[in-house]
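Got the viewer open? Let's take a short walk through this one, selecting as we go.

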Amino acid sequence: MKKYIYLISTLALLSTGCTKLDEGIYDKLPADQFYATPAGANARIADLYAEMRGDWNGKGYAGADRGWFDLNESSTDEMMIPTRSDGAWSDNGLWRQMYLHQWTPAHEIMRNTWDWLFRSVTKSNDVIKLLTDVEAPAASIAEAKVLRAFNYYLLMDGWGKVPLFTDNTVPISEVPQATRQQLYDFIVSELTQNVELLSTVKGGEYYGRFNKWAGYTLLAKVYMNAGVYTGTAKWAEAIEVTNKIINQGGFSLHPNYMDIYKDM
């Protein structure tokens with residue numbers, strides 16, 4: 001009899017003790033909560049900056065092997081890579097094609113740069129959507145949008161007419177081919193709407209990132225070349241923006257331009 005009583009008691013205890021199986025987790029946060037914080041948003045934006053770092057196969061803004069830097073420098077008199085007498089640096093005519101302006105859409109440097117920029121645009125779209133959906137800090141969303149505008153600035157400068165999309169779910173067949181004027185208008189709109197939301201911190205955690213003054217510098221570059229991009233000069237706008245950088249950002253022009261070469 002005691003055995004049966006014990007069994008009934010055990011079953012009763014199990015039936016009441018196993019109805020709530022939620023486990024307390026202390027080392028994880030749901031994605032929507034994590035990315036809504038400044039730290040979470042920064043972690044997500046870091047992937048966009050990783051694309052800017054120079055690396056092999058054309059990844060990165062400066063110093064990237066066979067990418068944006070080589071595309072812009074080896075096609076001018078600023079950099080020449082001649083074939084050596086032993087055949088070194090011939091690379092199947094890669095550098096000669098750049099210098100002689102004989103590249104094609106399939107050229108390695110051209111393809112690398114194109115792929116890198118649109119990979120960066122696609123990643124930017126994903127980050128912006130995620131941060132917007134979780135209601136991340138406005139400054140974080142603005143930073144991601146400025147980064148996307150930077151990528152489109154390079155595309156506009158390099159190609160003039162390229163696909164323009166801000167939603168990665170749109171089918172490729174429906175992505176519009178934007179003119180240089182349309183790209184210019186989009187970039188200026190994105191920068192003027194978001195630069196003021198960026199941090200004013202210089203250095204520290206914002207070293208190498210788009211703060212307010214870096215954002216205005218990008219806008220100034222866009223304005224200074226507006227005559228090329230659209231046929232209409234924007235010198236007054238460029239002066240206004242650069243004055244903000246100097247007067248509000250606490251920067252100044254070096255009194256002697258040649259001094260920048262002293263330590264070289």
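Start with α8 and α9, which run roughly antiparallel to each other. Keep in mind that this is a predicted model.

**Stop 1: the helix pair.** Select residues 180-194 to get α8, then add α9, residues 212-224. The two axes come within 10 Å and cross at roughly 150 degrees. An angle over 145 counts as roughly antiparallel, and therefore this pair earns that label. Turn the view to check the hand of the crossing of α8 and α9: left-handed.

**Stop 2: the contact.** Show side chains next. From α8, pick Tyr184, Ile187, Val188, Leu191 and Thr192. Their partners in α9 are Leu218, Leu219, Val222 and Tyr223. What mix of nonpolar, polar and charged residues makes up this contact? Eight are nonpolar, one is polar and none is charged.

**Stop 3: the largest pocket.** Keep α9 on screen, as this helix gives the most to the lining of the largest pocket, with five residues. For the pocket centre, select Phe210, Trp213, Ala214, Thr217 and Leu218, the lining residues that lie nearest to it. Leu218 is a residue you have already picked, in the contact with α8.

How much space lies in the largest pocket? About 240 Å³. The lining counts 16 residues, and α7 (138-159) and α11 (235-247) join α9 as the elements that give two or more of them. Colour the lining by residue class and you should find 12 nonpolar, two polar and two charged.

Terms used:
Residues are numbered from 1 along each chain as its sequence is written. This is a predicted model: local features need pLDDT of at least 70, side-chain atom pairs count only at pLDDT 80 or more; totals for chains, interfaces and linings use all residues. Side-chain values use heavy atoms; hydrogens and water are left out. On a 1 Å grid over the protein atoms alone, a cavity is a set of points where a 1.4 Å probe fits but cannot get out, and a pocket is an open set with protein on both sides within 12 Å along at least five of seven lines; lining residues have an atom within 4 Å of a point. Grid points are joined across faces, edges and corners, and a volume is the space filled by probe spheres set on the points. Helices (H or I, at least four residues) and strands (E, at least two) are DSSP runs, numbered from the N terminus. Ala, Val, Leu, Ile, Met, Phe, Trp, Tyr, Cys and Pro count as nonpolar, Asp, Glu, Lys and Arg as charged, and the others, Gly among them, as polar. Axes are lines fitted to C-alpha atoms, for helices over the stretch in contact, and angles run from 0 to 180 degrees between N-to-C directions. Angles under 35 degrees count as roughly parallel, over 145 as roughly antiparallel, 65 to 115 as roughly perpendicular and the rest as oblique. A crossing is left-handed if the near helix is turned anticlockwise from the far one by less than a right angle, and right-handed if clockwise. Contact means heavy atoms within 4.5 Å.
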